[in-house]
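Morning, everyone. Please have the sequence and the model open while I talk. I'll start with a single residue and work outwards.

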Amino acid sequence: MQKTTLIISSSPRKGGNSDLLCDEFAKGALEAGYATDKIYLQGQKIGFCMACYGCKKGGVCVQKDDVAPILEKMASADVIVLATPVYYYSMTGQLKTLIDRTLPRYYMNKISGKYFYFIVTAAEEKHTMERTVDGLRGFIECLPDATLKGIIYGAGVYEKGEITTKPEMEEAYLMGRNS
């Protein structure tokens, strides 16, 4: 059975630095024989979790937006890549909102046993991204049998496309290929 990789890009800029690293990861995963899908959170209709816990009963969120198909893809993937630029020492609001909305699948134990990779980019140096990575780690620590397989830190990139001259491009490709 072919393994699947789901890449979730939370950059508000298509072709931004974290998004370009996603593409390299996907290229490597495809060459390794993985079925690969990429979701851009920008443009998706994703409401905030209302903490109503309606999902606790039936495993389905009461909100009718674009989250349900994303959660289905997360549930069926073997490998999940979460990618974000760093804004004010944290992940994008789009990614945090999606993470909060995974609660229905958490209750159904449908996103357990996954391999995760993180891609983070920032204008500053690597140490400024640790708070962001801690937030992402916190998410997967809540998931049964989730494993963090790798992190790509795209440091020192601000302008769109700056990452293309950095060694992290090759790193992303190789992580995808070896995922």
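Start at Thr132, which sits in helix α6. Helices here are DSSP runs of H or I with at least four residues, strands are runs of E with at least two, and both are numbered from the N terminus. Thr132 has 1% relative accessibility, so it counts as buried. Buried means under 20% relative accessible area, exposed means over 50%, and partly exposed lies in between, using a 1.4 Å probe and protein chains only. What does Thr132 touch, not counting residues up to four places away in sequence? The list is Thr84, Val86, Tyr89, Ser90, Met91 and Val120. Contact means heavy atoms within 4.5 Å.

A word on the source. This is a predicted model, where local features need pLDDT of at least 70, side-chain atom pairs count only at pLDDT 80 or more, and totals for chains, interfaces and linings use all residues. Residues are numbered from 1 along each chain as its sequence is written, and side-chain values use heavy atoms, with hydrogens and water left out.

Now the whole protein. It has seven helices and five strands. From the N terminus, the order is β-α-β-α-α-β-α-α-β-α-β-α. The C-alpha atoms fill a box of roughly 50 × 40 × 25 Å along the principal axes. For 179 residues, a compact globule would have a radius of gyration near 16 Å, and the protein agrees, at 16 Å. That radius is taken over C-alpha atoms, and the globule rule is 2.2 Å times the number of residues to the power 0.38.

How much of the protein is buried? Of its 179 residues, 47% count as buried. Take the contacts between residues at least 6 apart in sequence: 77% of them join residues at least 24 apart. The accessible surface comes to about 8900 Å², and 51% of that belongs to carbon and sulfur atoms. Those areas come from the Shrake-Rupley method with a 1.4 Å probe, and for residues only the protein chains shown count as cover.

Next, the interior. In soluble globular proteins, nonpolar side chains tend to be buried together. Here, the largest nonpolar core has 31 residues. A nonpolar core is a set of buried Ala, Val, Leu, Ile, Met, Phe, Trp, Tyr and Cys residues joined through side-chain atoms within 4.5 Å. Ile8, Met74, Leu82 and Phe139 have the most contacts inside the largest one. Which elements each supply at least two of its residues? They are β1 (4-9), α3 (67-76), β3 (79-85), α4 (93-100), β4 (115-121), α6 (130-141) and β5 (147-154). There is also a second, separate core of 19 residues, including Phe25, Ala26, Tyr34 and Met175.

Look closer at Met74, in helix α3. Met74 is buried, at 1% relative accessibility. Skip its neighbours within four places in sequence, and Met74 contacts Leu6, Ile8, Ile80, Thr102, Ile111, Lys114 and Phe139.

Then α4. Its buried residues are Leu95, Thr97, Leu98 and Ile99. They pack against β1, α3, β3 and α6.

On to helix α1, residues 17-31. Its 15 residues reach 22 Å from first C-alpha to last, close to the 21 Å expected at 1.5 Å a residue. The expected span is 1.5 Å times one less than the number of residues. Is α1 enclosed or open? Eleven of its 15 residues are buried, so the rest of the structure largely encloses it. Among them are Leu20, Leu21, Phe25 and Ala26. The buried residues of α1 pack against β1, β2 (35-40), β3, β4, β5 and α7 (168-177). After α1 comes Gly33, with a positive phi near 100 degrees.

Just before that helix, find Gly15 in the loop between β1 and α1. Gly15 is partly exposed, at 22% relative accessible area. Beyond its neighbours within four places in sequence, Gly15 contacts Leu20, Lys160 and Gly161. Gly15 and Thr165 are 150 residues apart along the chain, yet their C-alpha atoms are separated by 14 Å.

Last, the cysteines. How many disulfides does the structure hold? Zero. A disulfide is a pair of cysteine sulfur atoms within 2.5 Å. For Cys142, the nearest cysteine sulfur is that of Cys49, 13 Å away. Cys142 is partly exposed, at 49% relative accessibility. Cys22, by contrast, is buried, at 0%.
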